[in-house]
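The following report considers a protein chain from its surface inward, and then turns to individual residues. Please read it alongside the sequence and the coordinates.

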Amino acid sequence: MQDQAAKLRELVKYGKEDSAHHAPRIIAVASGKGGVGKTNLVVNLAIALVEMGQRVVIFDADLGLANVDVLVGVVPKYNLYDVLQGTKTISEIIVTGPAGVRIVPGGSGIQDLANLDYYQRERLVQSLKELEQDTDFLLVDTGAGISRNVLGFISAADEVIIVLTPEPTSLTDAYGVIKIMSKFKLHSEVHLVVNRVASAQEAQQTIGKMVTVVQKFLQIKVLPLGYIFDDKAVGKAVRKQEPFLLRFPDSAAAGSLRQLATNLLEGNYRPPKGTTGFLNRLIRLFS
């Protein structure tokens with residue numbers, strides 16, 4: 001049975017290369033509270049995946065504190081609003097960050113997703129289709145918390161990663177997000193990443209607490225994806241506006257982040273639904 005399952009995963013993983021319709025894995029990265037290192041994780045995870053031969057786009061969907069560009073030291077001139085207005089294509093607003101990671105600045109355009117007319121919607125659908133053929137991963141950096149915007153992106157994505165730290169408040173807030181995902185049946189499973197752990201044992205304890213309480217009270221499966229060591233190299237890299245994976249490639253944090261990316265690549269996952277499905281779900285939820 002295990003061999004059969006492994007073969008099926010291989011077919012899902014590599015079969016898309018032969019398909020005329022290539023669809024990227026669309027993963028929303030969220031957290032129950034701010035300050036847990038979510039955006040830093042998104043940026044460095046994207047770079048780790050690029051190092052592994054994947055083509056990655058980051059969609060910066062954090063309206064309240066959009067700072068992907070700050071972390072990588074680039075300044076986008078345009079954002080999704082310009083695409084919706086028809087003055088720019090999505091290719092023209094994309095900025096290329098370190099290691100070739102491409103970034104779509106959401107900006108004020110995200111608020112306009114609720115009020116698209118027919119032509120704006122078609123323009124956006126066609127723009128996102130342009131990304132499909134040369135993108136393997138679309139990482140959506142959502143805001144923190146459980147706002148309507150955040151839940152919209154969580155619901156529309158193929159997969160969800162929740163980032164938390166071992167702190168009790170972070171655990172409580174992360175559980176709050178997972179509880180809503182379960183209550184409204186947004187997803188049947190969710191990935192979990194524990195950031196800033198002092199040891200592997202602390203990571204396992206944190207994951208164990210979450211898995212226990214979720215199994216007891218909720219109808220959703222928690223999939224531990226990995227953890228990242230608490231490392232001074234991370235703060236030093238942030239101050240330099242450089243991803244720690246590039247600034248300190250041999251640091252403990254970089255090592256654990258690469259393992260996390262490996263787990264994401266090699267793990268089982270549902271077939272991606274494509275950017276058109278993602279956008280349609282998003283517009284429906286925002287309307």
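The accessible surface of the protein chain amounts to about 13,400 Å², and carbon and sulfur atoms account for 52% of it. The model is a predicted one. Of the 287 residues in the protein chain, 51% are buried, and the secondary structure consists of 13 helices and eight strands. When contacts between residues at least 6 apart in sequence are considered, 80% of them join residues that are at least 24 apart.

**The largest pocket**

The largest pocket has a volume of about 420 Å³. Its lining comprises 25 residues, of which Val-36, Gly-37, Lys-38, Thr-39 and Arg-196 are the closest to the centre. By character, the lining divides into 10 nonpolar, nine polar and six charged residues. Four elements supply at least two lining residues each, namely helix H2 (38-51), strand S7 (189-197), strand S8 (221-229) and helix H10 (232-239). The largest share, four residues, is contributed by H2.

**Helix H10**

Which residues of H10 are buried? They include Ala-233, Val-234 and Ala-237. These residues lie on the same side of H10, because the arc that they cover around the axis is only 105 degrees. Lys-232 and Arg-239, on the other side of H10, are exposed. The buried residues of H10 pack against H2, and also against helix H11 (244-247) and helix H12 (252-266). H2 is thus mentioned twice here, as a packing partner of the buried residues of H10 and as a contributor to the lining of the largest pocket.

**Strand S5**

Asp-141 belongs to strand S5, which spans residues 137-144, and Gly-143 lies in strand S5 as well. Asp-141 has a relative accessible area of 0% and is therefore buried. Gly-143, for its part, counts as buried because its relative accessible area of 9% falls under 20%.

With neighbours within four places in sequence left aside, Asp-141 is in contact with Val-29, Lys-38, Thr-39, Val-42, Phe-59, Asp-60, Ala-61, Asp-62 and Val-68. On the same basis, Gly-143 is in contact with Lys-38, Ala-61, Asp-62 and Val-150. Lys-38 therefore links the two descriptions, since Lys-38 appears among the contacts of Asp-141 and is also listed among the residues closest to the centre of the largest pocket. Although Gly-143 and Val-29 are 114 residues apart along the chain, their C-alpha atoms are separated by 8.8 Å.

**Helix H9**

Thr-212 is placed in helix H9, which runs over residues 200-217, and Gly-208 also lies in helix H9. Is Thr-212 buried or exposed? With a relative accessibility of 52%, Thr-212 counts as exposed, because the value is over 50%. Gly-208, with a relative accessible area of 28%, is partly exposed. Each of these residues has been paired with a residue further along the chain: the C-alpha atoms of Thr-212 and Val-222 are 9.6 Å apart, with their positions 10 residues apart in sequence, whereas those of Gly-208 and Pro-224 are 9.4 Å apart at a sequence separation of 16 residues.

**Positive phi outside glycine**

Where is Ala-99 found? Ala-99 lies in the loop between strand S3 (95-96) and strand S4 (102-105), and its phi is positive, at about 65 degrees, although the residue is not a glycine. Ala-99 counts as partly exposed at a relative accessibility of 42%. Lys-185, which is not a glycine either, has a positive phi of about 55 degrees and is found in the loop between helix H8 (168-183) and S7. With a relative accessible area of 70%, Lys-185 is exposed.

**Accessibility of the residues discussed**

The table gathers the accessibility values for residues discussed above.

| Residue | Relative accessible area | Class |
|---|---|---|
| Asp-141 | 0% | buried |
| Gly-143 | 9% | buried |
| Gly-208 | 28% | partly exposed |
| Ala-99 | 42% | partly exposed |
| Thr-212 | 52% | exposed |
| Lys-185 | 70% | exposed |

Conventions: Residues numbered from 1 in each chain as written. Predicted model: local features only at pLDDT ≥ 70, side-chain atom pairs only at ≥ 80, totals over all residues. Heavy atoms only, no water. Buried < 20%, exposed > 50% of the residue type's maximum accessible area, 1.4 Å probe, protein only. Contact = heavy atoms within 4.5 Å. Areas by Shrake-Rupley, 256 points an atom, 1.4 Å probe, with all protein chains shown as cover. 1 Å grid on protein atoms, 1.4 Å probe; cavity = no way out; pocket = protein on both sides within 12 Å on 5 of 7 lines; lining within 4 Å. Points joined across faces, edges and corners; volume = space filled by probe spheres on them. Nonpolar A, V, L, I, M, F, W, Y, C, P; charged D, E, K, R; others polar. Arc of directions from axis to C-beta.
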